[in-house]
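Here are my notes, jotted down while going through the model. Have a look at it first, then read on.

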Amino acid sequence: MSFPSRGPNLADRLASPRRDTDRARLRAAVESKTVLITGASYGLGEATARSLGHAGATVVLAARSVDRLDGLAAEIGPRAHTHALDLTDLDSVTTVTDRMLDAHGAPDIVINNAGMSIRRSLALQYDRPQDFERTMAVNYLGPVRMMLGLLPAMRDAGGGHLVNVSTIGVRIPPGPRWGAYQASKGAFDTWVRSVEPELAADGIDVTSIYMALIRTRMSAPTPIMRRLPGLDPDDAADVVAAGLTRRPRRLAPWWVRPTELSGIAADRLVTALYSRSLRHSADSASARGEVVSR
Ligand SMILES: NC(=O)c1ccc[n+]([C@@H]2O[C@H](COP(=O)([O-])OP(=O)(O)OC[C@H]3O[C@@H](n4cnc5c(N)ncnc54)[C@H](OP(=O)(O)O)[C@@H]3O)[C@@H](O)[C@H]2O)c1
């Protein structure tokens, strides 16, 4: 299921982090560099891989859907390489990470993009501990395991750049039904921010991107997302490009900071508003178990 593609209008642009559409600047930032992109088989990861491949990077594509990765690699050309990676299988993450280091050396840039979201009412999760276990594995434990394997090699190579694709949800007051997703994305965001000083000492820069809505298969099952401003994957890849060309420590829509501060100041009010909002929205067919979530 996917949304029809359309360019970003003013509302889409205002809702989303800053983009960089300057192809020459992107080429200068990534040409001849080795970039590992997790979750390159769909959505933002696929679009990012395509844009970086066309900008002259050597792209190392990782995800479970190897057939899709191979198709994308064939399209990009000989500088694209694929690796089967299942972030929920922690031991295999270490094996795959070692294999990638053997084959391509330390990456200059790691784009931690693979992710899994769930929007489901708590009452539908009483018998679903797997919602919490899977989101923690894909969004936190797997990426940490991968970074533990990559970081010594990156440090020994003199440094690099970690770009973490996070969500505005870890900055603005966390909304109901998103608990499993937000907690797992928040866990990795907190880990990245807490190791950032140690990474800086090793010459590794960090860019945390707090994405707003992207129209991908991740957001497709939630009907309300169709009415909200957001970006198509190719346009969202230009946000990642801004992270690579400008290397900011944080990249978020302009309105996230004031919302974050207001949420702290008006905590009770926000909780009351979220409670009211539950009366006007429902769980999607996917959340009710009628569609399998990924
Ligand atoms: N869509 C949004 O509105 C939105 C908003 C804010 C932030 N984000 C973040 O943006 C990133 C990209 O999301 P997207 O919208 O592009 O989602 P998507 O289209 O569903 O793509 C998710 C990617 O993650 C990979 N993945 C999922 N489970 C995996 C696993 N167990 N092991 C390895 N790879 C796995 C998938 O590949 P396989 O299935 O082939 O493994 C796929 O390539 C995510 O980190 C997400 O949290 C998205």
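**Notes on the predicted model**

1. Let's start on the outside. In this predicted model, Leu 10, Leu 14 and Trp 254 make up a nonpolar surface patch, and together they have about 370 Å² of accessible area. Leu 14 sits in helix H1, which covers residues 10-15. With a relative accessibility of 44%, Leu 14 counts as partly exposed, because that class runs between 20% and 50%.

2. Now to the ligand. The shell around it holds 31 residues, and the closest of them are Arg 64, Ser 65, Asn 113, Tyr 181 and Thr 216. Sorted by type, the shell has 15 nonpolar, eleven polar and five charged residues.

3. Which polar contacts might you want to look at? Asp 86 puts a polar side-chain atom 3.0 Å from a nitrogen atom of the ligand. Tyr 181, one of the closest residues, has a side-chain N or O atom 2.6 Å from an oxygen atom of the ligand. At Ile 214 the backbone does the job: a polar backbone atom there lies 2.9 Å from a ligand oxygen.

4. How much of the ligand does the protein bury? The ligand taken alone exposes 880 Å², and 97% of that is buried by the protein. As for secondary structure, the elements giving two or more residues to the shell are helix H3 (43-54), strand E5 (160-167) and helix H7 (179-201). E5 supplies the largest share, three residues.

5. A backbone point next. Arg 177 isn't a glycine, yet its phi is positive, near 75°. You'll find Arg 177 in the loop between E5 and H7, and both of those elements also give residues to the ligand shell. Is Arg 177 buried or exposed? Its relative accessible area is 13%, so it counts as buried, the cut-off being under 20%.

6. There's another positive phi to check. Arg 247 has one of about 50°, and again the residue is not a glycine. Arg 247 belongs to the loop between helix H8 (233-246) and strand E7 (250-251). Where Arg 177 is buried, Arg 247 is partly exposed, with a relative accessible area of 34%.

7. To recap what I'd keep in view: a ligand with 97% of its area buried by the protein, polar contacts to it from residues including Asp 86 and Tyr 181, positive phi values at Arg 177 and Arg 247, and the nonpolar surface patch of Leu 10, Leu 14 and Trp 254.

Note on methods:
Residues are numbered from 1 along each chain as its sequence is written. This is a predicted model: local features need pLDDT of at least 70, side-chain atom pairs count only at pLDDT 80 or more; totals for chains, interfaces and linings use all residues. Side-chain values use heavy atoms; hydrogens and water are left out. A residue is near a molecule or strand if one of its heavy atoms lies within 4 Å of it. A polar contact is a pair of N or O atoms within 3.5 Å; within protein, one must be able to donate a hydrogen and the other to accept it, and residues adjacent in sequence count only if both atoms are side-chain atoms. Accessible areas come from the Shrake-Rupley method with a 1.4 Å probe; for residues, only the protein chains shown count as cover. Helices (H or I, at least four residues) and strands (E, at least two) are DSSP runs, numbered from the N terminus. Ala, Val, Leu, Ile, Met, Phe, Trp, Tyr, Cys and Pro count as nonpolar, Asp, Glu, Lys and Arg as charged, and the others, Gly among them, as polar. Buried means under 20% relative accessible area, exposed over 50%, partly exposed in between (1.4 Å probe, protein chains only). Patches are made of residues with over 30% relative accessible area and no salt bridge: like charges are joined within 9 Å, nonpolar side chains (Val, Leu, Ile, Met, Phe, Trp, Tyr) within 5 Å. A salt bridge is a side-chain nitrogen of Lys or Arg within 4 Å of a carboxyl oxygen of Asp or Glu.
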